[in-house]
Structure formats: C-alpha cells, structure tokens
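Here is a short briefing to read with the structure open beside you. It goes topic by topic, starting with the cysteines.

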Amino acid sequence: LIHFYKRSRERSFLESFSKMLRLLLLLMVCLTKGNEDTLQVMQDEEFSKLLKEEPIVVALFCTDKNAETCEEFESELASVREDFIDMMQGDGWFVKLVNSNLVSQYSPKSDVPVTVMFRRELPVLYDGPANGDVMLETFMRYKEPGVKELTDSTFEHLTQAASGATTGDWLVLFYSDDCEQCARMTAVLETVACKHRGRSNVAKVNKQTHGEKTGRRFELGIDNKPQLIFFRLQKMYTFTLDQYDVATLDSFVSGFYKNMPSKPVPVPKTPFDDLVQMCVDYMKEYPVLVGCGVAVPVILILLFIWLVRGEGEERLKKKKKKKSKENKDK
C-alpha cells in the first residue's frame, strides 16, 4: 500500500509538472508571437535621430482614430520584417509612430495609416493594401530614388521637350526654396516616379537658382507655389488641380493630362528675351517696388529740370534788372 501511495504521488506530481510546463511554453509562444506582430514604437525626436543614423527605415504613422486599421498594417509589416532586412543585406528598421506631427511632411492624408520608406532620409510612400507580400515587393521596387534634379544646362538635353522627346514623357515640378508645399511633395513625387519607372520620368527644377532660365522659358513667374507640367510629344500640359496626393498625380500622368489644355513646348529664349522676361516677372511679383524704382528716377529728373529752370529764370530776372538800371543811368 505504501509503495502504491508513493507511486500515485509521483504520478500526480509529474502530471502537474507537465501541465505547468505546457502552460509555460504556451505563454512563451504567445509572448513571442505578440512581439513578432508588433513594431517598435518611437517618438518624433527619437525617430528623427534614427533617420540620420540608418540608411533604410520603414515607418508606420498611425493615429488614435485609425488604430484598428493600423493594427492590420502593423501585423503585415512585422511579418515581412526579417525577409526585408535579409534582402537589404542587414539594413532596415521597422518602427511605428502614433499621433506624430511629422506625418504631414510626407502625406497630405492622415485619416488612414501612412507607411513611408526612407532611403537615406529620402521618403517614398506605400499606398497599397495591408498585404505583406505586396509590401515586400513594393519596397524592393522603390529602394532606389526615382526623381531627377534638372538644371538650365541639363533640362533640354535630358528631356528633349522641344526637340523630339525621344527620352520619354516627363512630369516636372518647378519649385523654389521657400515653397513649403513643394517640400511636402517630396514623398508624393518619389512615389509617382517609382510607380512609373521605365514608362515616364519625374523630375524637379529649382526655378529660383540653377533652373531660373528654364522657369522663365515657360513664363512661370517667381512666386513660391508648386507648378507641375507634363511634357509629352513636344507638347506641355499644366497641372491645374489643387490636390497633390499620389492618386491624383498618378491619374494625371496615366491619362488625365488629356483633359488639360495643351501648348507647344517653346524653344529656349535668347539672352535678350530672357532679360525681358525677367523684368516682366519682377514687375508682376513686385509691382509696388518696381513702381517705386521707376518713379524715383523720374522724380529726380523732374526735380533737376525744375532746379535748372529756376536758375535760368533767376539769371534772366537779374539780367533784365541790370539792363533796366543801365537805361536809367543813361
């Protein structure tokens, strides 16, 4: 009986230990799975520092309003994290930001989760579904920058906008350094460029510095608003809508440009015509300043004429007085 009792206690202990071990293993699996389905949460300052230190960063921007949808994107991103890092040869961070103030710098939409891949601080948007396979394929296609920077010396050579357009179609953003809207369009333009890589080209021209002659060639003025022109088959189509999101620009390049009025692409201006256009641009942008600049010389000339005339009249009066005095003496 004693032997039977001891064996019963041992069996009971082993069963209890086995149950506890299974529960512990289950708990560890759950915790591990939970970590695999989530991304590291960062604050804005910490995130900005990470961008400067790491070459590749994928960020998911969420808000409290889209938390449920954000969980789907987070889970899918976490599922492809290891594969992506392997494909990038060890480079790659996946992070999440909640209620971040930075999201407006990359996307005009904040009501939905925004996924951005940074390639050495250069952002590009993912605008597809919450699907890990699609995400991974898109990230690999977008890993190289797509937007080209053109200047006065390279614009016509690369685009051939007026000479034959053998290099393909070009969507060009003309911007200035103090244009905040233009800076916020960086990620959108990169996305459109990567989407149409091999079919259409996307570029930008600083009409305030190295592209000022090109800006005057198309008579764009010197204001600080973004100006988009689509060049195709020696014709130009100006983008006139107020929406600068990926879907709108993608539609514009894909065929909506046909609804815009077309113009023949002008040839580069001669030095004299370029000077005249520069004067016209400054007169339109700074009418008061130009008016003052023109008025001041005119006023000085009138003042000079008045002074000269006054001196002449004074001399004439003195001469008449002198003659009158001489006549009296005689």
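## Cysteines, strands and rings

With sulfur atoms within 2.5 Å taken as bonded, the count in this chain comes to two disulfides. Please keep in mind that the model is predicted; its mean pLDDT is 85, and 78% of the residues reach 70 or more. The chain has 330 residues, of which 35% count as buried, and its secondary structure comes to 12 helices and 11 strands.

**The two disulfides**

- Cys62 and Cys70 form a disulfide, with 1.6 Å between their sulfur atoms. The torsion about this S-S bond is about 40°, so the disulfide is right-handed.
- Both ends of that bond are well covered by the cut-off for buried, which is under 20% relative accessible area: Cys62 is buried at 3%, and Cys70 is buried at 1%.
- Cys179 and Cys182 form a disulfide as well, and here the sulfur atoms are 2.2 Å apart. With a torsion of about 75° about the S-S bond of Cys179 and Cys182, this disulfide is right-handed.
- Cys179 and Cys182 are both buried.
- If you count the bonded cysteines along the chain, the disulfides follow the pattern 1-2, 3-4.
- As a reminder, a disulfide is a covalent bond between the sulfur atoms of two cysteines.

**Two further cysteines to look at**

- Is Cys194 buried or exposed? Cys194 is buried, with a relative accessible area of 3%.
- Cys279 is partly exposed, and its relative accessible area is 40%.

**Strands β9, β10 and β11**

- Strand β9 covers residues 227–232 and strand β10 covers residues 235–238; the two pair in the antiparallel sense over four bridges.
- β9 and β10 make a hairpin, with two residues between them. In the turn, Leu233 has a positive phi of about 50°.
- Phe230 has Tyr237 as its bridge partner in β10.
- On to the next strand: β10 is joined by three bridges to β11 (residues 262–264), and these strands run antiparallel. Here Tyr237 stands opposite Ser262 in β11.
- Tyr237 therefore turns up in two bridge pairs, with Phe230 and with Ser262, and this is a handy place to start when you trace these strands by eye.**Aromatic pairs**

- How many aromatic pairs does the structure hold? The structure holds 17 aromatic pairs.
- One of them is formed by Phe61 and Tyr106, whose rings are tilted, 5.9 Å centre to centre with 45° between the planes. This pair links distant parts of the chain: Phe61 is in strand β2 (residues 56–62), Tyr106 is in the loop between β3 (93–98) and β4 (114–119), and the two are 45 residues apart.
- Phe61 counts as buried at 3% relative accessibility, and Tyr106 is buried with a relative accessible area of 9%.
- Phe230 and Tyr257 form another tilted pair, with 4.8 Å from centre to centre and 45° between the planes. Phe230 lies in strand β9 and Tyr257 in the loop between α10 (246–254) and β11, so this pair ties together parts that are 27 residues apart in sequence.
- Phe230 is buried, with a relative accessible area of 1%, and Tyr257 counts as buried at 7%.

**An aromatic cluster and a lysine over a ring**

- Which residues form one aromatic cluster with Phe230? They are Tyr237, Phe239, Tyr244, Phe252 and Tyr257.
- Two members of this cluster, Phe230 and Tyr237, are also bridge partners.
- Elsewhere, Lys204 lies over the face of Tyr175, at 5.6 Å from the ring centre.

**Contacts and confidence**

- Among the contacts in the chain with a separation of 6 or more, 75% are between residues 24 or more positions apart.
- Over residues 25–35 the pLDDT stays under 50, and the model has one contact beyond four places in sequence for this stretch.

How values were computed:
Residues are numbered from 1 along each chain as its sequence is written. This is a predicted model: local features need pLDDT of at least 70, side-chain atom pairs count only at pLDDT 80 or more; totals for chains, interfaces and linings use all residues. Side-chain values use heavy atoms; hydrogens and water are left out. Buried means under 20% relative accessible area, exposed over 50%, partly exposed in between (1.4 Å probe, protein chains only). Rings of Phe, Tyr and Trp (its six-membered ring) pair if their centres lie within 6.5 Å; planes under 30 degrees apart count as stacked, over 60 as edge-to-face and the rest as tilted. A charge sits over a ring if NZ of Lys or CZ of Arg is within 6 Å of the ring centre and within 35 degrees of the ring normal. pLDDT is the predictor's confidence in each residue, from 0 to 100. Contact means heavy atoms within 4.5 Å.
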